Amino acid sequence: AAEDSRLIDEIGRDEIVSSVARAALLGARGNSGVILSQLIRGAAEELISRPGELVDPVLVAASVAKAAQRAYDSVRAPVEGTMLTVMRDMAASMTRDLAHLGGADSRLGPDTDPARQNTVIADALARAIAAGEESVRRGPELLPVLREAGVVDAGGYAVTVIFAGVVAALRGTEAPTLAHHARPRLALGEHGEHDSETYRYCTNFAVTGAALDAGHWERELSRFGDSILVVGDEHTLKVHVHTDEPERAFALLAAAGEISHRDVADMHEQLATRRIRLAEQSTDGPPRCSVLAVVSGDGIARLFHGLGAATLDGGAEGTPICS
């Protein structure tokens with residue numbers, strides 16, 4: 001097609017960011033993927049709303065703030081300590097940072113040298129990454145399941161990785177070095193933001209149609225699923241739901257439009273695989289410290305195993321333990 005031969009400067013900002021936002025939406029998988037698509041959509045909306053305005057730290061900060069707000073608005077029950085919090089904290093940091101920048105480093109004119117534009121934006125984003133890393137480290141204080149497992153939120157950390165990649169592209173150098181985090185003390189189980197206590201299949205798909213109402217379909221899906229995200233616009237929706245009946249979800253939305261980008265993952269299988277992987281990772285030497293629980297009964301033993309403790313059968317009440 002003729003459009004395929006156009007240079008990027010000939011395409012225009014509106015078309016570029018709209019295409020990126022749509023691709024992110026259609027390619028999203030899982031809660032984190034769908035939320036990421038909404039971060040990208042929010043930033044795209046802000047960029048499109050300011051035609052002809054040169055991209056500078058002020059516009060970038062506004063785009064990051066809009067991204068954070070769009071992501072929060074897309075989630076029925078936002079959870080703090082996750083990528084939502086990290087993006088919001090980075091946006092707040094960029095807004096504060098603007099107050100300390102000189103005019104020449106916050107608002108760029110149309111005659112600004114492209115190399116200087118890249119440098120100024122990269123420096124602003126690098127400072128935001130520092131705030132994002134601090135937010136990632138603070139996540140376990142806000143979300144007990146992270147604290148119990150001894151981990152940070154993977155989605156939040158991924159946000160800082162993405163921003164680091166942008167900085168690298170702008171500077172033409174290696175990405176800024178990010179802090180590494182310890183591997184989990186135990187598997188997260190089925191109580192995290194991205195897991196379901198009730199249903200087995202993580203189901204993702206897109207719907208293309210007309211006059212699509214995200215709120216209506218959220219309510220319908222809640223009859224047989226949870227962890228529901230339905231985002232997009234009146235022409236295209238991306239659906240994420242945990243359910244035991246993926247085909248029922250497909251059939252329900254098929255009445256509204258064309259179904260595509262189907263993806264169904266067995267969360268029980270994923271959890272079992274993760275537990276095996278974590279067990280294999282823990283075989284590189286004896287632990288320096290462990291917990292041994294003396295228990296009575298299989299149910300209590302399973303409970304302590306789930307918490308990462310080794311167990312020892314204490315026998316019936318009053319029975320002495322011999323070693």
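Lys66 and Glu45 form a salt bridge, with their closest N and O atoms 3.6 Å apart; the term covers a side-chain nitrogen of Lys or Arg within 4 Å of a carboxyl oxygen of Asp or Glu. The two partners come from distant parts of the chain, Lys66 from helix α4 and Glu45 from helix α3, with their positions 21 residues apart. Helices here are DSSP runs of H or I with at least four residues, strands are runs of E with at least two, and both are numbered from the N terminus.

A quick word on the ground rules. This is a predicted model, where local features need pLDDT of at least 70 and side-chain atom pairs count only at pLDDT 80 or more, while totals for chains, interfaces and linings use all residues. Residues are numbered from 1 along each chain as its sequence is written, and side-chain values use heavy atoms, leaving out hydrogens and water.

**Salt bridges**

The count of salt bridges comes to 17. Side chains of opposite charge can pair when their charged atoms come close. Here are some of the pairs, with N to O distances:

| Pair | Closest N to O distance |
|---|---|
| Lys66 and Glu45 | 3.6 Å |
| Arg29 and Asp263 | 3.1 Å |
| Glu46 and Arg50 | 3.0 Å |

How many residues apart are Arg29 and Asp263? They sit 234 residues apart, with Arg29 in the loop between α2 (13–27) and α3, and Asp263 in strand β4. Arg29 counts as exposed because its relative accessibility is 53%; exposed means over 50% relative accessible area, buried means under 20%, and partly exposed is in between, using a 1.4 Å probe and protein chains only.

Lys66 is partly exposed at 30%, and Glu45 is partly exposed at 21%. In the Glu46 and Arg50 pair, Glu46 is buried, with a relative accessible area of 13%, whereas Arg50 is partly exposed at 22%. Shared partners also tie Arg41, Glu45, Lys66 and Arg70 into one salt-bridge network.

**More from helix α3**

Gln38 is another resident of helix α3. Buried or exposed? Gln38 counts as buried because its relative accessibility is 1%. Its contacts (heavy atoms within 4.5 Å) include Ala67, Arg70 and Val231, not counting residues up to four places away in sequence.

Ala44 lies in helix α3 too, and is buried with a relative accessible area of 7%. Leaving aside residues up to four places away in sequence, Ala44 touches Val17 and Ala21. The C-alpha atoms of Ala44 and Asp14 are 8.2 Å apart in space, for a sequence separation of 30 residues.

**The nonpolar cores**

In soluble globular proteins, nonpolar side chains tend to be buried together. A nonpolar core here is a set of buried Ala, Val, Leu, Ile, Met, Phe, Trp, Tyr and Cys residues joined through side-chain atoms within 4.5 Å. The largest one has 35 residues, and Met87, Met94, Val159 and Phe163 touch the most other members. Elements giving two or more residues to this core are α3 (30–48), α4 (57–74), α5 (83–100), α7 (114–142), α9 (154–171) and β2 (225–232). A second, separate core has 15 residues, among them Trp217, Ala249, Leu253 and Ile259.

Which residues does Met94 touch, not counting residues up to four places away in sequence? The list is Val60, Ala61, Val64, Ala124, Leu125 and Ala128.

Val136, in helix α7, is buried at 5% relative accessibility. The C-alpha atoms of Val136 and Tyr157 are separated by 6.1 Å, with their positions 21 residues apart along the chain. Residues up to four places away aside, Val136 touches Val86, Val152, Gly156, Tyr157, Thr160 and His181.

**Asp266 in strand β4**

Asp266 is found in strand β4, which covers residues 257–266. Asp266 is buried, with a relative accessible area of 14%. Its side chain makes a polar contact with the side chain of Arg200 at 2.7 Å; that term means a pair of N or O atoms within 3.5 Å where, within protein, one must be able to donate a hydrogen and the other to accept it, and residues adjacent in sequence count only if both atoms are side-chain atoms. The backbone nitrogen of Glu269 lies 3.2 Å from a polar atom of the Asp266 side chain. Not counting residues up to four places away in sequence, Asp266 touches Arg200 and Tyr201.
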